[in-house]
Amino acid sequence: MTTLNSKIRDIISTYKLSDRQFAIKIGVTQSVIGSMFQKGTEPSSKVIRNTLIAFPEISADWFLRDSGEMFISQNKELERINKLVDTIATLQDTINAKNESIATLTERIKQLESQLTTK
């Protein structure tokens with residue numbers, strides 16, 4: 001499991017921020033962030049809460065539970081793609097079944113036509 005400090009480092013890196021810029025954005029002093037990284041202590045609840053508020057596109061599940069993608073929009077887009085793939089698969093199964101029915105009925109029609117012409 002990735003630590004919260006690592007996640008914060010990922011956010012800082014992704015947004016190309018300095019530690020100072022990040023601290024200002026989340027409303028804490030640079031020394032809070034610097035101390036957290038230097039001492040390896042976990043961030044306070046204020047840092048966690050303010051990070052999620054300052055970066056609303058960051059997934060709380062990713063940040064807190066180490067689950068899913070970093071960005072909320074990636075999660076939603078991935079869910080949407082998976083639903084579309086499921087729909088396509090279901091529709092393809094339906095098309096295949098109908099094609100089989102058509103082939104069976106076409107064969108039956110040929111058989112019946114053959115019987116009519118021989119009588």
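Mentor: Let's start with a cut-off: a residue is called buried when its relative accessible area is under 20%, and exposed when that value is over 50%, with partly exposed in between. Keep in mind that we're looking at a predicted model.

Trainee: Okay, then why is N50 called buried?

Mentor: Its relative accessible area is 13%, and the limit for buried is under 20%, so N50 counts as buried. You'll find N50 in helix α4. Setting aside residues up to four places away in sequence, N50 touches I26 and G27.

Trainee: And what makes K16 exposed?

Mentor: K16 has a relative accessibility of 72%. Exposed begins over 50%, so K16 gets that label. K16 sits in the loop between α1 and α2. There's something else to spot there: K16 isn't a glycine, yet its phi is positive, about 55 degrees.

Trainee: Which other residue that isn't glycine has a positive phi?

Mentor: Look at D66, where phi is near 60 degrees. D66 lies in the loop between α5 and α6, and α6 covers 72–118.

Trainee: How do you know whether D66 is buried, exposed or partly exposed?

Mentor: Same cut-offs as before. D66 comes in at 32% relative accessibility, which is neither under 20% nor over 50%, so D66 is partly exposed.

Trainee: What about Y15: buried, exposed or partly exposed?

Mentor: Y15 has 28% relative accessibility. That value falls in between the two cut-offs, so Y15 is partly exposed. Y15 is in the loop between α1 and α2. Leaving out neighbours within four places in sequence, Y15 is in contact with F55, E57, I58 and F71.

Trainee: How far apart are Y15 and D66?

Mentor: In sequence they are 51 residues apart; in space it's 19 Å, C-alpha to C-alpha. Contact requires heavy atoms within 4.5 Å, and D66 isn't among the contacts listed for Y15.

Trainee: Now the whole chain. What elements does it have?

Mentor: Six helices and zero strands. Read from the N terminus, the order is α-α-α-α-α-α.

Trainee: Why is the chain described as more spread out than a compact globule?

Mentor: Set the value against the rule: the radius of gyration is 29 Å, while the globule rule gives 14 Å for 119 residues, so the chain is more spread out than a compact globule. The C-alpha atoms fill a box of roughly 100 × 25 × 20 Å along the principal axes.

Trainee: How much of the chain is buried?

Mentor: Buried residues are 24% of the 119. As for the surface, the chain exposes about 8,500 Å², with 56% supplied by carbon and sulfur atoms.

Trainee: What makes a group of residues a nonpolar core?

Mentor: They have to be buried, be of the right kinds, such as Ile or Phe, and be joined through side-chain atoms within 4.5 Å. The largest such core here has 20 residues, and those with the most contacts inside it include I8, I11, F22, I26 and F63. The elements giving two or more residues to it are α1, α2, α3, α4 and α5. Helix α1 gives the largest share, four residues.

Trainee: Which residues is F22 in contact with?

Mentor: Beyond its neighbours within four places in sequence, F22 is in contact with I8, I11, I12, L17, I33, T51 and F55.

Notes: Residues numbered from 1 in each chain as written. Predicted model: local features only at pLDDT ≥ 70, side-chain atom pairs only at ≥ 80, totals over all residues. Heavy atoms only, no water. Rg over C-alpha atoms; globule rule 2.2 N^0.38 Å. Buried < 20%, exposed > 50% of the residue type's maximum accessible area, 1.4 Å probe, protein only. Areas by Shrake-Rupley, 256 points an atom, 1.4 Å probe, with all protein chains shown as cover.
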